[in-house]
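Open the structure in your viewer and keep the selection tool at hand. The tour goes stop by stop, with something to select at each one.

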Amino acid sequence: MNPTPLLEIEDLRVAFRQGKQDVEAVRGVNLTVYPGQTVAIVGESGSGKSTTAHAVIDLLPGTGRVTGGSIRFDGREIAGQGKKVVRALRGSQIGLVPQDPMSNLNPLVKVGRQIAEVLVANDVAKGKDVDRRVVELLEEAGLPNAEQRAKQYPHEFSGGMRQRALIAMGLAARPRLLIADEPTSALDVTVQKQILDHLDVLTDDLGVAVLLITHDLGLAAERADHLVVMYKGQVVESGPALEILQNPQHPYSKRLISSAPSLASQRLLAQQRAEVREQAQEAAEELAEEVAHTDAEFGGGGDYVVEAEHLTKVFTLPGTAPWRKEDFVAVDDVSFRLRRGTTTAIVGESGSGKSTVARMVLDLLKPTSGTVRFDGVDISTLRSKQQQLALRRQMQPVFQNPYASLDPQYSIYRAIEEPLATHKIGSKAEREARIRELLDKVSLPWSVSRRFPNELSGGQRQRVAIARALALQPEVVILDEAVSALDVLVQAQILSLLAELQSELGLSYLFITHDLAVVRQIADDVLVMEKGRVVEQASVEEVYGSPQQEYTRRLLDAIPGGSIELSR
Amino acid sequence: MPEFPADVPRAALPGQERFVAPLDQTPLAETGSFDDSRPPENQWKEAWKRLRRNWIFWVSVALLAVVAVVVLLPQWFTDLDPTYAQLSRSLEGPSEGHPAGFDRQGYDVFARTIYGARASVLVGVLCTIVVTVPGVVLGAMAGFYGGWLDAVISRVADVFFAIPLLLGALVGLAIINNLWPDRGYWGSILTVVFALAAFGWPQVLRIARGAVLEVKNLEFVDAARAIGKTRRANLWGHVVPNSLAPVIVLATVSLGVYIVAEATLSFLGLGLPPSIVSWGNDISAAQNQVRSGQRLGVMFWPASALALTSLGFILLGDAVSDALDPKSRNRE
C-alpha cells in the first residue's frame, strides 16, 4: 500500500498583475511530497521555484495570486480556501525557513522572544513552559549556550547562527512540512554544510518532510530523494534525484548538469585546462616581449608577471573611545607569484582578506608593508602619471557585482570606450573598430553598444565588464569573485569564455573566489586563505588530490554534490 | 508520524514518477540571449516614463504652465497697469473689466496678482539655482575627498544649518535694508535671493554629500580608478552624475518653499520693497482690510495665486521624487 501524500500540487498556476495584464510566473506545476521525504525544487533565478513554494503557504509577494490548479495538504484542498484555512496551517503544520537570515529577524527583539512568539501563536506552550521550550529548540538547532543566546539580539549572531535560529523557529511548532527557501545561499560553504547536515538530522528525527528550494543542483541531489527541475515557470523534469543526475532527459536538465561546477568530471577538466595553459603560456611570452618593447618600465619579470611579497594590511578601527584605536589585520604576510599565462586562484570564506589582496595588487589600496612587483618592478615606485598609466594598462580588474561594476549612466559603448579615451588611444574610428572587436570577443552583438547596463542581464553585464578590462590589452586580469553572482549556466559560459580569452590573448588571471568548485575549471595554482593568512599554497591537482591542511579539507568537503558519481 | 516505507521503490510512488516535459511545450531560450526589439533606455529615460504615467505630474504641469505664461506675458491677461492707483475707487468691488475689484490704494487687484507672479517666481528659481550649485559642488567634494576638507566644509555648513532659514534671512535683510535702502528692482530681488540662499545651501550640501558617500563606494568607481582615471575625473565623471537624483528632488520641492519664504519676508516688510509688485507685499497690505472685514477679495487673489503656485512646485517635486526613486514610492 502506498502512503498518502502530505502535499500534492496539481497544475498550479500563479500570476502577477503588471499594469492591466496578468503575467504567469508558474504554469501548470505538479509536485508531490510524502511524509518524511525531502523534495527539492531546482532552477535558476526567475524559474518560479520560490513562487511555487510561497503559493503553498499563501505568502505570495505583491500582486501575485493563484489563478488555477489545486494545492492539497494532507488530502485537504487549501488553494483558494480563504486566509483562515492557510493561516491555521502556517507554523503548526507547515514551517518556513526563509532565504535571507539577515533581514528575517526583527533586529529590535531578542531572538528568544521571537521564537516564543511562534510557540504562543500556535498554542504549543504556555507560561513558564515557553522559555524552557525556546532554549530546547535553540539547542536542537545546534546553537551552543542556548540559554544565553536566547537573551541576545540578532545583531549579536553571525549569519550561520541566525539561520539556525530561523530553523528553530520554523520547527518550533513541530510542523509536518518544512519549506526551506534557499536556506543557505547567503552563507559560506562550510557553514552551509554544517547547517544542512544539521537540518537533515533534525528532520529525519522528527519525521518532518522538507521542500527544499535551491539553485544549486549539486546541493539538491545530495540532500533530496525527489527532484523537480523548473524552468521559466514550468516543471521540465522530475523524478528520483540520482536518476535525473545520471540520466537527464530534458535538454535543460542536461545543460544544468553539464554546467554545475561541482559535478563536472575531474579528468576531463584537467585535460582541458592543460591545453588552455599551454597555448596561453605561449601567447603570454609573445605578449611580454611586445610589452617590454613598448613600455620601458617593464620587462624584467622573467617567468612571473606578478610577485607579491609579505603583503600585510592593517586597518585602524575606532576603539572604545575616540582616542583609542584598534588594529585589525586584514591581510597577514601573504606572498605568492603569478606565472605568465596561468591562473592563480585565491580561495577563502568571507572575511579571509582575499579581496583586500586583490585591491593591493591592483594598486587601489596601499599595503601596510610588503611589496607587489609587476614584471619585476615594485609598483610602489611607479609614482609619475606616465608610469601609473603604464601599470594600469597592464593590469585590469573585473569585479563581483555585475549590477554595480558598470556606471548606469554610461552606455555600453561609452563604458568600453572609457579606458581607450583615458589612455588617449586611437582616433574615433579606430576606437569604434576596437569596440566592435571587443564585443565580438565576448560574444555580444554590436547592437548592445547603444544599450545601458540596466537593460542587460547579469551575465551580459559581466561580459561587458570583461570587454572593458580587455580594451587596454592587459597582461593580467584580476577577477574578484567575477562569476559568483551568476546563475550556474551563465557562470559556466563566462568561465569558458575566460579560458578561451586566456589561451588566445595570453592573459594571466588572479582569480579571487569563495567557491572551490569553480577553481578546478579555471585555475592552475591555488592559495587558500583563512583569517588573513595563507594556510595552503599548491597546484590545483595537489589541493584537490591531497589537501595538506584541515581547513582546505573542510572547504573541499563542503562543496555540495562534490562526492556524487556521475555515470559518464 | 508515518514512516517512509523502505520496501516501496521510490520511483513508483504516485505523483513522483519520472516525468520529462515535452520539448515543444518548454522551449529553451539561448542562455544569455537578449531582447533587441525595444529602443535603448537609460535611467533618465525610464524615470521620464514613470513620470509621464503619474497624474500628479500632469496636474503640476498644468498649474506651472499657467504660471509660466503669466510670468512671461502678463500683458496677455490684463491691459491695466498694476502701479496705476485710482484712489477714488479705493476698495471698490468687482466691476466690468475689474474682476477682482480694487484695493485700499485704488490699485486693480487682478492686475497686481498677475504682475506679482514675476517677482515671486524669479526669487524661487534664482534661489534654487544659487543654493543648488554650491551645495552640490561643496557637498560632492566633502563626501568624496573626506578627511579635513570634509570636516571644514561640514562644520561650516552646520553653523549655517543651525540658524533657521527665515530668522537668518530676516536679520540679514534688516541689516542690508538699513545700509542700502534703495537698490532698484534687480538689486532688491538679488538681496532677497542671497539672504535666503545663505541659509538654504547647507541642506543641499548634506543631501549631495550623503549621495556621494553612497556612490563613491560602488564598484564602478574602483573600476574607473583601475583604468587610470584621476580622482577628480572620477568625481565629476562618475560619482556626481550618479548622485544627482536626490538633489533634483530637493531642488524641485524647494522652488515652492522659497516662493513661500519670499512672500513671508515681504509680508513682514523686510523682503521686496513696496515699489515692486509682489504677492507678499499685497497680502501684507490687505491684512488690515481683512481684519476690519472691509473686503476679503483684496487678500483672496494674491493669497490663492501664491498657494496654487507653490502647490504646483511641491506636487512636481513629489512626482519627480516618485519617478527618480521608485523604491520609496508609497503604494497601496
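**Stop 1: a strand and its partners**

Select strand S13 (residues 343-347) of chain A together with S19(A): the two run parallel and are joined by four bridges. Keep in mind throughout that this is a predicted model. To see one place along this pairing, pick Thr344(A), which stands opposite Asp525(A) in S19(A).

Now select strand S19 (residues 525-530) of chain A by itself. Is this strand mostly covered or not? Six of its six residues are buried, so mostly covered is the description that fits, given that a residue counts as buried when 20 or more other C-beta atoms lie within 10 Å of its own.

In a regular strand the side chains alternate between the two faces of the sheet. Show the side chains of S19(A): Asp525(A), Leu527(A) and Met529(A) point one way, while Val526(A), Val528(A) and Glu530(A) point the other way, and all are buried.

Next add strand S20 (residues 533-539) of chain A, which pairs with S19(A) in the antiparallel sense over six bridges. Leu527(A) has Gln537(A) in S20(A) as its bridge partner. The hairpin of S19(A) and S20(A) has two residues between the strands, and Lys531(A) takes a positive phi near 50° there.

**Stop 2: a loop residue in chain A**

Go to Ile78(A), in the loop between strand S5 (76-77) and helix H2 (83-89) of chain A. Why does Ile78(A) count as buried? Because 23 other C-beta atoms lie within 10 Å. Leaving aside residues up to four places away in sequence, Ile78(A) touches Ile71(A), Phe73(A), Val85(A), Val86(A) and Leu89(A). For a distance, select Asp58(A) as well: Ile78(A) and Asp58(A) are 20 residues apart in sequence and 9.2 Å apart in space, C-alpha to C-alpha.

**Stop 3: the domains of chain A**

Colour chain A by its domain assignment: domain 1 (1-93 + 175-250), domain 2 (104-174) and domain 3 (266-317 + 326-401 + 475-557). The C-alpha centres of domain 1 and domain 3 of chain A lie 39 Å apart. Their contact takes eight residues from domain 1 and nine residues from domain 3. On the domain 1 side, select helix H7 (residues 189-206) of chain A, which supplies the largest share, three residues. By class, that side has two nonpolar, three polar and three charged residues.

**Stop 4: where chain B meets chain A**

Show both chains. The contact takes 40 residues from chain B and 57 residues from chain A. On the chain B side, strand S1 (19-20), helix H7 (219-227) and helix H8 (231-267) each supply at least two residues. Which element of chain B gives the most to this side? H7(B) does, with seven residues. By class, the chain B side has 21 nonpolar, ten polar and nine charged residues.

Then select S1(B) with strand S10 (residues 234-240) of chain A: two bridges join them, and they run antiparallel. The bridge partner of Glu237(A) in S1(B) is Val20(B).

**Stop 5: a helix residue in chain B**

End at Ile283(B), in helix H9 (residues 279-291) of chain B. Ile283(B) counts as buried because 23 C-beta neighbours lie inside 10 Å. Not counting residues up to four places away in sequence, Ile283(B) touches Ala263(B), Phe267(B), Met299(B), Pro302(B) and Ala303(B). As a last selection, take Arg155(B), which is 128 residues from Ile283(B) in sequence and 38 Å from Ile283(B) in space, C-alpha to C-alpha.

Note on methods
Residues numbered from 1 in each chain as written. Chains lettered and ligands numbered in written order. Predicted model: local features only at pLDDT ≥ 70, side-chain atom pairs only at ≥ 80, totals over all residues. Buried ≥ 20, exposed ≤ 12 C-beta atoms within 10 Å, placed from the backbone. Contact = placed C-beta atoms within 7 Å. Domains from an automatic or database assignment. Nonpolar A, V, L, I, M, F, W, Y, C, P; charged D, E, K, R; others polar. Pairing = 2+ DSSP bridges.
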